[in-house]
Amino acid sequence: MPDMVDMWHSLPTPPGWRIAERRAFARLGHALEGDNATERETARAKCLDRNNAALTAATCVLLDLAGQGWAIKVDGSGIVAVAPPLGAGDPIEEKQRVRRQELIKRDEQLATPSVRRFITAMEKPREFRGAFISIFNLMRDGKELATALRTVCDRAPTDPAPLRTVIDPYVQNVSGDRCELTGFRLTDIWRYFRHTWSNQYTSTPGRTMMILIRDRAAPFHPVIGIAALGSAVVQLAERDDWIGWQPAVFLEQLRSEPTLQMARWIANRLKGALDELYVDDLVKDHLYWPSLWDTPTPKAMERLLEEADKRRRDHHRFVKPTEFKKLQDADDVEGWRRRAESDLFRSKRCLALADLLSARHALEPYLSPTPSRAGLKRALDDPKARRAIMSVLRRAKAEAVGTEIADLTVCGAVAPYNSLLGGKLVSMLAVSPTVVRAYQQRYSHYASEIASSMAGRPIRRRSNLVFVGTTSLYGSGASQYNRIRIPSDVLGGSSAIEFRQLGRSKSFGTSHLSAESVRSLVRLAEQTANGARVNSIFGEGVNPKLRKVRHGFDLLGWPSDVLLQHGRQRIIYGISLVDNLLPYLLGVDRRPSYLFRRRAGAGDVEAISTWWMRRWLANRIQSQDVLRSAAQHRLTRPVQHGARVTLPTTPLDDEDYQQLELY
């Protein structure tokens, strides 16, 4: 129980609950106020036995909150109230609190039969090219590594070259291929080591590019660490403030320096957005006609909005998720046209077209027939025109965030390399020219799912990675991203590449809720009388799971904004890879001006790893405590290694692992 609480929040019982259900929930609240485990379990069982979806969700959530240190009380009328714990003042204590939050879901995942079978299969030796191989072959023995480092540590501070005979990193992009040295699928190798993290492994919608950092200096090229680049969060105030495309900042800059180039940019963005909208069906149904673009009318825009609302309601009533499966052929124009004419995307197209016509109507007096600096200056004095410019900005931002900005969603070293600040090496290599090239090659022919569905034909965006964002796992204390800087001379560029602290996240999400709580809230949301408001279809909106959970809280009548505050603020970092970030992201500049030379080959990986050895590793290995820490990770049987997945204890654990240790 925390020493202090911020504020009490009532959790009212839904109107549909019967008296027995209200009493059962109140008894659970009383049981959680005390320390009697038997009473808690009895009260929990009685709530779950009621076979009521809302009561089940409420029970699971309340148990989770209690487990996370929330205070609980029940008033005289039987209403349960909760209060969140204050964050710990001690950084170490705060890290432990966050770790407990994350381990709830991580251990739930590791306890599932499919995950346990996967882990067991990876650890069980299999024959490959005449030898028995397991995932342990991709872990480096810490004692061997520490011994090798001791032989070169005296020379390392003045001459880091001998370190490369001990650790020789390289980047391996994860695909459907198999590892040539072990026969394992690269995706399985990455997945196994991801399960050693303290938080749950979840796949994310959109783009995902997984990366292995391996060590060719040892047999089988053991894994140093893993990373993954994924689709960036669409709205992140701290990042957007730093980039400079928050609406207020952007408009102020335009007002201070209106240029002909920006006037043309606004006009071209409007016309380009219209060209990427499929309108054939709207023309056929007399909702749009070509001359409407030159003379938009409020009545026409109102009809489009009415059609959008009607189609959105039809989507929720009649949607079939199977109709939204990813197209097998990205160039299937007919498939994209069918997708565009679906209720969901017809609704989105009508909204987009109404928005474009409104912007066109507001800007036409100033930027037609020919855009000019003077016209832009006058437009910035008109509130409606300013709102139209903000609409243009939002569209440009949405395009770039989904394609040329990525989030470093996974990044870290595994044992024993983590003792050697290997996480900093993985971080730097994750933004290296080698990875930038791999990103461009992977997605240059990729058809944007939503843009293509709106256009009724394949739309391919630029795929130059120019900005990477990431967050620390913890909000306090040291982070592996602190002080990371690749000097300009390392990569022969114009400026250094730096991991910059941009601020702190808002500590909002579901990481403190168990999978059982999330499932019960989602189930409750999906059982509403009007059909599921959220169908987990790509294109409906961002983060469908979070929206379903919020809807579940709304159906209970509980304060979702409070209960979704997990109390953990992560540090936000940003890494710009170009010196013309905002002009390029907006499309004003046609080409990115990278801070490094985009040379072919892997010379950049060697240059970055040499810098890491000189800046971090050479000094780190002077500590005998560090080398002793690395040496603890042994591959002798039974395997006691920090890179091995630790499965939660079950009655079968001892027998399963005894079988593994026989090999």
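In this predicted model, Gly225 stands opposite Ala413 in β9, and this pair gives a starting point for describing the sheet around it. Strand β8, which covers residues 223-231, is joined by seven bridges to strand β9, which covers residues 405-413, and the two run antiparallel. Both strands belong to an open sheet of seven strands with mixed pairing, arranged in the order β6-β7-β8-β9-β10-β14-β13.

**The sheet and its edges**
- The edges of the sheet are taken by β6 (169-173) and β13 (500-504), and because each of them has a single partner strand, one side of each is left without a neighbour in the sheet.
- On average, and with direction ignored, neighbouring strands of this sheet are turned by 30 degrees against each other.

**Strand β9 and its partners**
- Towards β8, a further pairing places Ala228 opposite Val410 in β9.
- Towards β10 (residues 467-471), β9 is joined by three bridges, and these two strands run parallel.
- Within β10, Gly469 is the bridge partner of Asp407.
- Strand β9 is mostly covered, since eight of its nine residues are buried, where buried stands for a relative accessible area under 20%.
- As a general point, strands of a sheet pair through backbone hydrogen bonds, in either a parallel or an antiparallel manner.

**The helix packed on the sheet**
- Helix α18, made up of residues 433-443, packs on the sheet and touches β6, β7 (208-215), β8 and β9.
- The direction of helix α18 makes about 145 degrees with that of β7.

How values were computed:
Residues are numbered from 1 along each chain as its sequence is written. This is a predicted model: local features need pLDDT of at least 70, side-chain atom pairs count only at pLDDT 80 or more; totals for chains, interfaces and linings use all residues. Side-chain values use heavy atoms; hydrogens and water are left out. Two strands pair if DSSP finds at least two bridges between them. Helices (H or I, at least four residues) and strands (E, at least two) are DSSP runs, numbered from the N terminus. Axes are lines fitted to C-alpha atoms, for helices over the stretch in contact, and angles run from 0 to 180 degrees between N-to-C directions. Contact means heavy atoms within 4.5 Å. Buried means under 20% relative accessible area, exposed over 50%, partly exposed in between (1.4 Å probe, protein chains only).
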